Amino acid sequence: MARLLLIEDDPAIRATLLRALRERGHAVAASSGAMEGLQTALAEKPDLIVLDLGLPDLDGRELLRMLRAVSRVPVIIATARDEETEMVRLLDTGADDYVVKPFTAAQLDARIRAVLRRGPGNTQSSVITVGELQIDPRARSVFLRGVAVELTPREFDLLHHLALRAGQVVTKRELLSEVWQVPYGSTDKTVDVHLSWLRRKLGETALEPR
């Protein structure tokens with residue numbers, strides 16, 4: 001059983017999802033607005049948040065940014081917006097998955113279970129060492145030569161994925177699928193951008209690769 005927070009302003013959708021998710025064994029709290037949802041998230045510390053974007057007091061994208069500033073709780077976006085650029089933008093902002101309305105409760109439940117399997121409680125627990133780099137999956141911390149490296153959630157996930165495959169060739173297709181959870185396509189440039197940021201933070205340049 002997972003402790004979920006559903007942030008959804010439509011009363012009919014909210015009631016339907018509350019009932020369906022509770023029938024599947026989850027403990028579910030619900031909020032109809034962004035600020036109420038933020039307060040509930042901070043107070044209740046749920047295992048996962050299902051977040052609608054079209055909220056009455058604040059767009060869900062802004063709420064996602066606020067959540068990511070204070071919490072690493074997994075977030076699944078549940079919205080009618082189906083534009084690929086919007087999906088990529090939200091995933092880059094820190095969303096863990098994205099489901100487009102209309103969807104079934106079974107589909108949402110499957111995505112919830114998949115995201116929770118990828119969570120900190122289910123990742124490799126031992127510290128990963130690659131050269132002078134140390135990565136702690138549980139604490140989501142990174143140290144280079146004993147000095148902490150500040151990474152965004154996406155940068156950490158990217159580095160963690162690559163560190164587990166040190167010495168192997170990793171394709172953009174794999175990174176988009178496993179780190180971003182999006183299909184391979186024109187959005188692969190986001191991989192290049194994040195790799196560039198990550199290399200800069202690790203002190204790597206084209207002339208002096210690690």
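1. In this predicted model, the stretch that calls for caution is residues 121-125, where pLDDT stays under 50. For residues 121-125 the model nonetheless has 10 contacts beyond four places in sequence. Those contacts rest on coordinates with pLDDT under 50.

2. Over the whole protein chain, the average pLDDT is 86, and 90% of the residues score at least 70. Broken down by element, the highest mean pLDDT belongs to strand S3 (residues 48-51), at 96. The lowest mean among the elements is 80, for helix H7 (residues 172-180).

3. The secondary structure of the protein chain consists of 8 helices and 9 strands. Its radius of gyration is 18 Å, and the globule rule gives 17 Å for 210 residues; the two values are close, so the protein chain is as compact as a globular protein of that length. Along the principal axes, the C-alpha atoms fill a box of roughly 55 × 35 × 30 Å.

4. How much of the protein chain is buried? Of its 210 residues, 42% are buried. As for contacts between residues at least 6 apart in sequence, 52% join residues at least 24 apart.

5. On the surface side, the protein chain exposes about 11000 Å². Carbon and sulfur atoms supply 52% of that area.

6. The protein chain carries 29 positive and 30 negative charges. The mean positions of the two sets are 3 Å apart.

Definitions and conventions
Residues numbered from 1 in each chain as written. Predicted model: local features only at pLDDT ≥ 70, side-chain atom pairs only at ≥ 80, totals over all residues. Heavy atoms only, no water. pLDDT = per-residue confidence, 0-100. Helix = DSSP H or I, 4+ residues; strand = E, 2+ residues; numbered from the N terminus. Contact = heavy atoms within 4.5 Å. Rg over C-alpha atoms; globule rule 2.2 N^0.38 Å. Buried < 20%, exposed > 50% of the residue type's maximum accessible area, 1.4 Å probe, protein only. Areas by Shrake-Rupley, 256 points an atom, 1.4 Å probe, with all protein chains shown as cover. Lys, Arg positive; Asp, Glu negative; His and termini not counted. Charge placed at Lys NZ, Arg CZ, Asp CG, Glu CD.
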